[in-house]
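Dear colleague,

Please find the structure below. My notes on its pockets and on one histidine follow.

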Amino acid sequence: MHELGIVFYIIRDVKQVAEENHVEHVASVVMDIGEVSTVMPHLLSDCWRWAADKEPMLQGCESEVNTIPAVTWCDGCKSEYPTVAHGRTCPRCGSENTWLLRGNEVEIKEIKV
Amino acid sequence: MTECIMDELRIIEIKKSVFADNDRDANLLREELKQQGVFLLNLMSAPGSGKTTTLIQTINRLKERLRVAVMEADIDSDVDARKMKETTGVESIQLHTGGMCHLDAEMTRQGLAALSLEKTDLVILENVGNLVCPAEFDTGSSANAMILSVPEGDDKPLKYPLMFSVCDLVLINKTDVMPYFDFDLERCKQNILMRNPKATIIPISAKTGEGIDDFAQWLVNEVQNWKK
């Protein structure tokens, strides 16, 4: 359900950009989705298929997802580590004084027309 | 926005967060509410944590001090809005999200338009029961609050970090059943504060009334500050 709401936002943005560029049909939408963004790519593409086909401008339009790996910064030892494998605790120094650098993205990268 | 031609397909670069439009709408709505002196509380939680019962208890203690209205957001049905109206007498409306798991700023604005805002100090938005999606979408609220109930477990702040990090207030509800559950209140508070050092935490029981006066007083203070 979460993904469906996001798809409605994507459709609104893509239609607006397409209209501004006098595009009649969009072939593909490319998304950047962070690993820890809470958006599941396979659910996003299912929702996309269902909703996009209801829009004449987006019928058959593909959705492509680039997954952005999540990276956390540790303030304890001033280094980066992969978030999904280690969570909030730094694997090098055990510090919990850490925060997410990237991996939370839900972005429309580009459209192909 | 840049363009290039590749394999007959033209690429139009957008590079924009899906949440950008909603964030802009929400900031605009928040500013308008500030000017009107209306405080909007966005109340979130998992289904069954006691949002409606807590609100009924709290509003009945508040309504002499503040003019309150309630917006109930659900995927379907109007049971909450009717119950609220019958038990508290305050203005309450039901919003349907049309299958969506959250409310956004535009839906919130439409709901507010149906209320008599000029006669209201505090609007409480009871968001859809869900610990994930509502945290992603700013409603334009003056403050965010959530209810975590004891049966859900003290580890929820670890599992749903975003929800706990966007809330100004966390109510820990159903403290009356604490003896029956393996729930460590101090550990729960630590887990919340690790995500969100600024969070105010109030243990309550909507059933026995414990902590409800503290929540009511928190609301009175927040509304007074908002109107300054």
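For the residue classes used here, Ala, Val, Leu, Ile, Met, Phe, Trp, Tyr, Cys and Pro count as nonpolar, Asp, Glu, Lys and Arg as charged, and the others, Gly among them, as polar. The model is predicted: local features need pLDDT of at least 70 and side-chain atom pairs pLDDT 80 or more, while totals for chains, interfaces and linings use all residues. Residues are numbered from 1 along each chain, chains are lettered from A in the order written, and side-chain values use heavy atoms, without hydrogens and water.

The lining of the largest pocket divides into 11 nonpolar, eight polar and three charged residues. A pocket here is an open set of points on a 1 Å grid where a 1.4 Å probe fits, with protein on both sides within 12 Å along at least five of seven lines; lining residues have an atom within 4 Å of a point. Among the 22 lining residues, Val36(A), Thr83(A), Leu100(A), Pro161(B) and Leu162(B) lie nearest the centre. α7(B) gives the largest share, four residues.

The second largest pocket holds about 250 Å³ of space (the volume filled by probe spheres set on the points, which are joined across faces, edges and corners). Its lining has 18 residues, with Phe19(B), Asp23(B), Ala135(B), Glu136(B) and Phe137(B) closest to the centre. By class, eight are nonpolar, five polar and five charged.

His102(B) is buried (under 20% relative accessible area, 1.4 Å probe, protein chains only), at 0%. Its contacts (heavy atoms within 4.5 Å) include Gly5(A), Tyr9(A) and Phe137(B), not counting residues up to four places away in sequence.

Regards

Methods
Buried means under 20% relative accessible area, exposed over 50%, partly exposed in between (1.4 Å probe, protein chains only). Helices (H or I, at least four residues) and strands (E, at least two) are DSSP runs, numbered from the N terminus.
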